[in-house]
Every structure is written in C-alpha cells, then in structure tokens.
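Trainee: I have a model open and would like to learn how to read it. Can you take me through a few features?

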Amino acid sequence: MPISDVELAHPLDDGSAVIIERSIEATAAALGADAGAYRRVMTPLVENYEQVLQDFLAPLGLPHHPLMMARFGLMALQSASWFARHTFSTEQARAVFAGMAAHAIMPLELPATAAFGLMLGLLAHAVGWPLARGGSASIASAMSRYLSELEGEITTGVEIKSLDELPDAKIVLLDVTPRQFIRMSGDKLPAGFRSQLEAYRYGPGVFKIDYALSEPIPWRSPECKRAGTVHLGNRLEDIRHSERAMWEGHASDQPYTLVTQPTQFDPSRAPQGQHIGWAYCHVPNGSTRDMTSAIEGQIERFAPGFRDTILARHTYHAQEMEAYNANYVGGDINGGVQDLRQLFTRPVVQLNPYSTPLKGVYLCSSSTPPGGGVHGMCGYFAAQSALKAIK
C-alpha cells in the first residue's frame, strides 16, 4: 500500500527538509530556482516510466524503446555528483538527489551512479515507495499461501551445502551469490566459469539498527513526519565524503544514514501508542565497527531528543548481517558491486546471465540482473529463462 503522499524526506542543517511527493509539480514547487530543472528531468521519465522499467530492469539486450532508453541513458551514465552539480543550482535539489543516488553504495563520483537517483525518483513519482501492511513478512506469507494452493511445498531450516543434497528436478533455481554457488557445486563447474565466479566483486556492507520507540521520531522539520523514508546526510558534499570514506575502507563519523519509520503509517506493527523504526549506514565490507553512536548522532542532529524515545535497540554489524543472511557477503546487501563493470554482466559475462554450465541449474539472486534492491525481478527473469529452456 502507498504509505503517504510523501515518499522521501531529506532534512538539512538549517531545520528545513526537502521532500519528494508523488506529485512532480508539488515536489518541484518547493525547489525554488530548481523547479524547472526538476520538472525537465522527471516529467518525461515518469510519463514513460513503463518503457524505462521494461528496458532498464531487465537483462542486457536490445531495448524495446530505444529512444526513451537513450534519453534515460545519457543522464544515467553520468556520476551522481556531476549530474547533481550540473543539473541543479540549489543545495536542496542537489542534496535530495544525492541521497537517492547513494543507494548505489558506491562513491558518487563513479560513472552511472546517477542512474540510482533517477530510478528512485522515477519510482517515487510513478508508483510510490509502498509498504507492506503488517511488515514485509506478510508478502512472504501471501506467496507461501498461494504456493500451497498450487500444491507446492516449502522446507525451511535446512542448509544445503552441496547440490547433491537437492532432489531430482528439471529446474533448480538458486537464490545464492557466486561464493555460495562455488561451494555448493564442488568440482562440477568448468574451470573457466568457476574462475569468473571467483573474480566476482562484492561491495561495501551496512550497519543496521532496529528500534522499539516510545513515540514517533521527533524530527525538527515537520515535513519529515510525513515520509516513510528519511535520508540523513545534509548536503551533496557531505554525502559524497561519507560514501567515499566507506569505499576506501573506513566508515565516516557522520555517515549517510537511511531511516524508515513504518508505524507512522501502519500502527499494526507496534503495541498501541508505541512505534518502531530502523536505520542503517554504509560501512566497509566485513566491518565489525559499532556504528550505533554515529547513526544516533546523525538522527539526533535532525531530531533532537531521539535518544529519549528509544525503548530497545538491536544492532547488526556487517559480519553479523552475513550471519543473518549468507547472501549478504561481508554485509553487502546488493549481492555484489553494481558499477558499470558488474551492473548488467553479473555474475559473469555471457548472453544468459541466469544460466550455468550445469544442466537445469540457474542463479536467481541479486547477483544477477537487474541487481540488488530490485526486489523479485532477478527471480522473475531467471524463471522466464528456465521455462523457455525446458519448452
């Protein structure tokens, strides 16, 4: 369900906040001198969003809509910092774009990081950033019920260490990254394919905190209370320095931080009168540094009194994230670096990115196109590929 007419808030040190609303016009109107520039960037993309998504959120191939993809691609291939500085003149517009682009978990000076900001902005205006009522587990529950209706069976609590442990099947879809696939395959993989998988690059990790709160986060700017997601990082330059630091192996003391406050819009997730929230920042791969103080310092910076609302917290450093989910190698929630070298050619360079040399065995994790954050699409395209093969 849509959680609000405001998808994102980005507070600044002066007490104001930039917001991304479903309406392009309403969003642009609050950007002052950059209102026209924002409309010129977003309006064509949103008006043609289905064409953009059909080509961009898919395996690399001939585009179905070449003119639209050329228009999107000319902007998307730029670095986020270059695009923000040369498209917008105000700190507000540059900051909110940088916050969206930083979902790339890469330095904002790298080519194609603008794609992340453009895509998240497009989705915010075209379809919103939805929230599952009752929590994300409700999605899995709905899918499991549907599978049961189709006489499917789900087995949990079992670790598969070798492909030999799987029952015979025409198709095996593996939601694992290259590292786990190498281990599970043993000596079955050809040397060339195996060496490509071994060269696969994982990206930085995250440090995450889950909160039980006595009341909503006391944001200084009332606009932040209207958004399900809040990006903390202040200006473009501040976010750029934070993301460069974690890429170079050391986490920032004032990290770019993502905060979600779902009980502002779905009170069913917490006891009556109380709230939950979660936050994370980017850290070097495999980091064990405790970022609690740094993250809460960032939240306090824009929401004075936040620490007084904390009833309980649970933290995960990057290695603990991997222990929680083996696909988060070193805490990398994107299943591998998503730069130009590894965006469409993940996990190896071949025409069908989901197939493997093993008959009937396919990869379908976020280590395949279109990558991390595009929930479900990797599995969708892997399944399409497998079904086409058996037909």
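Mentor: We will go through the sheet, two helix contacts and two loop residues. Keep in mind that this is a predicted model.

Trainee: Start with the sheet. In what order do its strands lie?

Mentor: Read across the sheet, not along the chain. The order is S2-S1-S5-S6-S7-S4-S8, in an open sheet of 7 strands with mixed pairing.

Trainee: Which strands stand at the edges?

Mentor: Look for strands with a single partner. S2 and S8 (310-316) each have one partner strand, so one side of each is left without a neighbour in the sheet. On average, neighbouring strands of this sheet are turned by 20° against each other, direction ignored.

Trainee: Is edge strand S2 mostly covered or mostly open?

Mentor: Take the residues one by one, then sort them by face. S2 (residues 17-21) is mostly covered, with 5 of its 5 residues buried. On one side sit Ala17, Ile19 and Glu21, and on the other Val18 and Ile20; all are buried.

Trainee: In which sense does S1 pair with S2?

Mentor: Count bridges and check direction. S1 (residues 6-11) and S2 pair in the antiparallel sense over 5 bridges. For a landmark, find His10, which stands opposite Val18 in S2. The two strands form a hairpin with 5 residues between them, and there Gly15 takes a positive phi near 95°.

Trainee: How many bridges join S5 to S6?

Mentor: Use the same approach. S5 (residues 227-232) and S6 run antiparallel and are joined by 4 bridges. Leu232 stands opposite Thr257 in S6.

Trainee: Now helices. At what angle do H3 and H7 pack?

Mentor: Ask for the angle, then the distance, then the residues. H3 (residues 49-56) and H7 (residues 114-126) pack at about 135°, with axes 11 Å apart. The two helices are therefore oblique to each other. H3 passes H7 in a left-handed crossing. From H3, the contact uses Tyr49, Val52, Leu53 and Phe56; from H7, it uses Ala115, Met119, Leu122, Leu123 and Ala126.

Trainee: Which classes of residue make up the contact of H3 with H7?

Mentor: Sort them by side chain. This contact has 9 nonpolar residues, no polar ones and no charged ones.

Trainee: And how do H3 and H4 cross? Where do they touch?

Mentor: Repeat the steps. The axes of H3 and H4 (residues 66-76) come within 9 Å and cross at roughly 80°. H3 and H4 are therefore roughly perpendicular to each other. Gln51, Val52, Asp55 and Phe56 of H3 meet Met68, Met69 and Phe72 of H4. By class, the residues of this contact divide into 5 nonpolar, 1 polar and 1 charged.

Trainee: On to loops. Is Thr113 buried or exposed?

Mentor: Place the residue first, then check its accessible area. Thr113 lies in the loop between H6 (91-101) and H7. Its relative accessible area is 0%, so Thr113 is buried. Next, look for contacts beyond its neighbours within four places in sequence. For Thr113 these are Ala76, Gln78, Ser79, Ala80, Ala101, Ala104, Met106, Pro107 and Leu108.

Trainee: Where does Gly249 lie?

Mentor: Find the elements on either side. Gly249 is in the loop between H11 (236-247) and S6 (257-260). Gly249 has a relative accessible area of 47%, so it is partly exposed. Then compare sequence with space. Gly249 and Gly286 are 37 residues apart in sequence and 10.0 Å apart in space, C-alpha to C-alpha.

Notes. Residues are numbered from 1 along each chain as its sequence is written. This is a predicted model: local features need pLDDT of at least 70, side-chain atom pairs count only at pLDDT 80 or more; totals for chains, interfaces and linings use all residues. Side-chain values use heavy atoms; hydrogens and water are left out. Axes are lines fitted to C-alpha atoms, for helices over the stretch in contact, and angles run from 0 to 180 degrees between N-to-C directions. Angles under 35 degrees count as roughly parallel, over 145 as roughly antiparallel, 65 to 115 as roughly perpendicular and the rest as oblique. A crossing is left-handed if the near helix is turned anticlockwise from the far one by less than a right angle, and right-handed if clockwise. Contact means heavy atoms within 4.5 Å. Ala, Val, Leu, Ile, Met, Phe, Trp, Tyr, Cys and Pro count as nonpolar, Asp, Glu, Lys and Arg as charged, and the others, Gly among them, as polar. Buried means under 20% relative accessible area, exposed over 50%, partly exposed in between (1.4 Å probe, protein chains only). Two strands pair if DSSP finds at least two bridges between them.
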